[in-house]
Amino acid sequence: MPSSTPSAQGADWRFGPAELVRGCATVPGSAFGAPGHLRLSFATDIATLKEGCRTNVATLDGIPA
């Protein structure tokens, strides 16, 4: 089971708004009983998935640990 510490719960909620600014949408894992994780959709074409992965990495690099 994923960690349920406050810091883990906060991390998944901080990531979402940063992703939206960059054109990607994620759902906090906390909304599905998995705090500290993200829910992603892969229902698109490969080129869009590659760009989404680049966006995710750039966003994660910009969030303090």
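**Entry 1: the faces of helix α2.** I looked first at the exposed side of α2 in this predicted model, and I found I46, A47, K50, R54 and D61 exposed there. Turning to the other side, I noted that the buried residues of α2 are G52, T55, N56 and T59. Seen down the helix axis, these buried residues fall within an arc of 105°, so they line one face of α2. I kept in mind the general point that an α-helix has 3.6 residues a turn, so residues three or four places apart point the same way.

**Entry 2: the length and start of α2.** I then checked the span of α2, which has 16 residues and reaches 23 Å from its first C-alpha to its last, close to the 22 Å expected at 1.5 Å a residue. At the start of the helix I found a side-chain oxygen of D45 that reaches to within 3.2 Å of the backbone nitrogen of A47.

**Entry 3: the salt bridge.** How many salt bridges does the structure hold? I found one, and it joins R54 to E51, with the closest N and O atoms 3.1 Å apart. Both residues belong to α2, which covers residues 46-61, and because they are three residues apart in that helix, about one helical turn separates them. I looked up the accessibility of each partner: R54 is among the exposed residues of α2, whereas E51 is partly exposed, with a relative accessible area of 42%.

**Entry 4: a nonpolar patch.** Which residues make the nonpolar surface patch of about 280 Å²? I noted L38, L40 and F42 as its members. L38 lies in strand β2, which covers residues 38-39, and I recorded L38 as partly exposed because its relative accessibility is 33%, between the 20% and 50% limits. F42 lies in the loop between β2 and α2, and at 57% relative accessibility F42 counts as exposed, since the cut-off for that class is over 50%. I also took a distance from this loop residue to the helix: the C-alpha atoms of F42 and G52 are separated by 9.6 Å, although the two residues are 10 apart along the chain. G52, for its part, is one of the buried residues of α2.

**Entry 5: the whole chain.** Last, I stepped back to the overall layout, and I counted two helices and two strands in the protein. Read from the N terminus on, the elements run α-β-β-α. Of the 65 residues of the protein, I found that 22% count as buried.

Note on methods:
Residues are numbered from 1 along each chain as its sequence is written. This is a predicted model: local features need pLDDT of at least 70, side-chain atom pairs count only at pLDDT 80 or more; totals for chains, interfaces and linings use all residues. Side-chain values use heavy atoms; hydrogens and water are left out. A salt bridge is a side-chain nitrogen of Lys or Arg within 4 Å of a carboxyl oxygen of Asp or Glu. Helices (H or I, at least four residues) and strands (E, at least two) are DSSP runs, numbered from the N terminus. Buried means under 20% relative accessible area, exposed over 50%, partly exposed in between (1.4 Å probe, protein chains only). Patches are made of residues with over 30% relative accessible area and no salt bridge: like charges are joined within 9 Å, nonpolar side chains (Val, Leu, Ile, Met, Phe, Trp, Tyr) within 5 Å. Accessible areas come from the Shrake-Rupley method with a 1.4 Å probe; for residues, only the protein chains shown count as cover. The expected span of a helix is 1.5 Å times one less than its number of residues. The arc is that of the directions from the helix axis to the C-beta atoms. A polar contact is a pair of N or O atoms within 3.5 Å; within protein, one must be able to donate a hydrogen and the other to accept it, and residues adjacent in sequence count only if both atoms are side-chain atoms.
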